[in-house]
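Welcome! Please take a moment with the sequence and the coordinates before reading on.

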Amino acid sequence: MTYIEKLRDPRWQKKRLEVMQRDEFKCQMCGCGDQTLHVHHRVYTRGKEPWEYELDDFITLCVECHENTEWMIQHIKADAQRRDMYELDAIWCEVFHFIHDFGAIEAANAVRKHREFLAAKSAAKTAEGAQ
């Protein structure tokens, strides 16, 4: 069964609904409830099916906060590899300290601004190379 097929499985759909109900159908980072919502896995365990996780292993996020969270995780992982630090717990610790220190909405805004900064920096570098 492919991962897409697993996400269509009634057992996943039930778990997904349980997570969203627990989170009152609101993004747990920015609080919006009028956007498309995703259920984000906080952890992955090899061999576990998506519906076999505990509810605490999930969080409801809107599309934008989910994209920002995934982006932040990828950059923290890349940074961790550069520092020879491979433990996922340490990566998540950094993410959650960041969110705790700044608050969820401020953390999401900081990530958004940082992504915009990096995009502008990349565009400027591309423009310089074209000259």
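The report below goes through a helix, a pair of strands, one threonine and the cysteines.

## Helix α2

A word on the source to begin with: this is a predicted model. Helix α2 runs over residues 10-22, so to speak a stretch of 13 residues, and spans 18 Å from its first C-alpha to its last. That is close to the 18 Å expected at 1.5 Å a residue. Four residues of α2 are buried: Trp12, Lys15, Val19 and Met20. They sit on the same side of the helix, because the arc they cover around the axis is only 135°. Pro10 and Lys14, on the other side of α2, are exposed.

What do the buried residues of α2 pack against? Their partners are α1 (3-8), β1 (37-41) and β2 (58-62).

Have a look at the ends of the helix too. At the N-terminal end, Asp9 acts as a cap, with a side-chain oxygen 2.7 Å from the backbone nitrogen of Arg11. After α2 comes Glu24, which has a positive phi, near 55°.

## Strands β1 and β2

The two strands β1 and β2 pair in the antiparallel sense, over five bridges. One place to check this in your viewer is Leu37, whose bridge partner in β2 is Cys62. Strand β1 is mostly covered, with four of its five residues buried.

## Thr60

Strand β2 includes Thr60. Is Thr60 buried or exposed? Its relative accessibility is 0%, so Thr60 counts as buried. The side chain of Thr60 is joined to that of Asp23 by a polar contact of 2.8 Å.

Beyond its neighbours within four places in sequence, Thr60 is in contact with Val19, Met20, Asp23, Lys26, Cys27, Gln28, Leu37 and His38. Two of these names, Val19 and Met20, have already come up as buried residues of α2.

## Cysteines without disulfides

How many disulfides are there, when a pair of cysteine sulfur atoms must lie within 2.5 Å to count? The count comes to zero. For Cys27, the closest cysteine sulfur belongs to Cys65 and is 3.7 Å away, which is too far for a bond. For Cys30, the closest is in Cys32, at 3.6 Å, and again this is too far for a bond.

As for their surroundings, Cys27 is buried, with a relative accessible area of 2%, whereas Cys30 counts as partly exposed at 30% relative accessibility. Cys27 also appears among the contacts of Thr60.

Note on methods: Residues are numbered from 1 along each chain as its sequence is written. This is a predicted model: local features need pLDDT of at least 70, side-chain atom pairs count only at pLDDT 80 or more; totals for chains, interfaces and linings use all residues. Side-chain values use heavy atoms; hydrogens and water are left out. The expected span of a helix is 1.5 Å times one less than its number of residues. Buried means under 20% relative accessible area, exposed over 50%, partly exposed in between (1.4 Å probe, protein chains only). The arc is that of the directions from the helix axis to the C-beta atoms. Contact means heavy atoms within 4.5 Å. A polar contact is a pair of N or O atoms within 3.5 Å; within protein, one must be able to donate a hydrogen and the other to accept it, and residues adjacent in sequence count only if both atoms are side-chain atoms. Two strands pair if DSSP finds at least two bridges between them. A disulfide is a pair of cysteine sulfur atoms within 2.5 Å.
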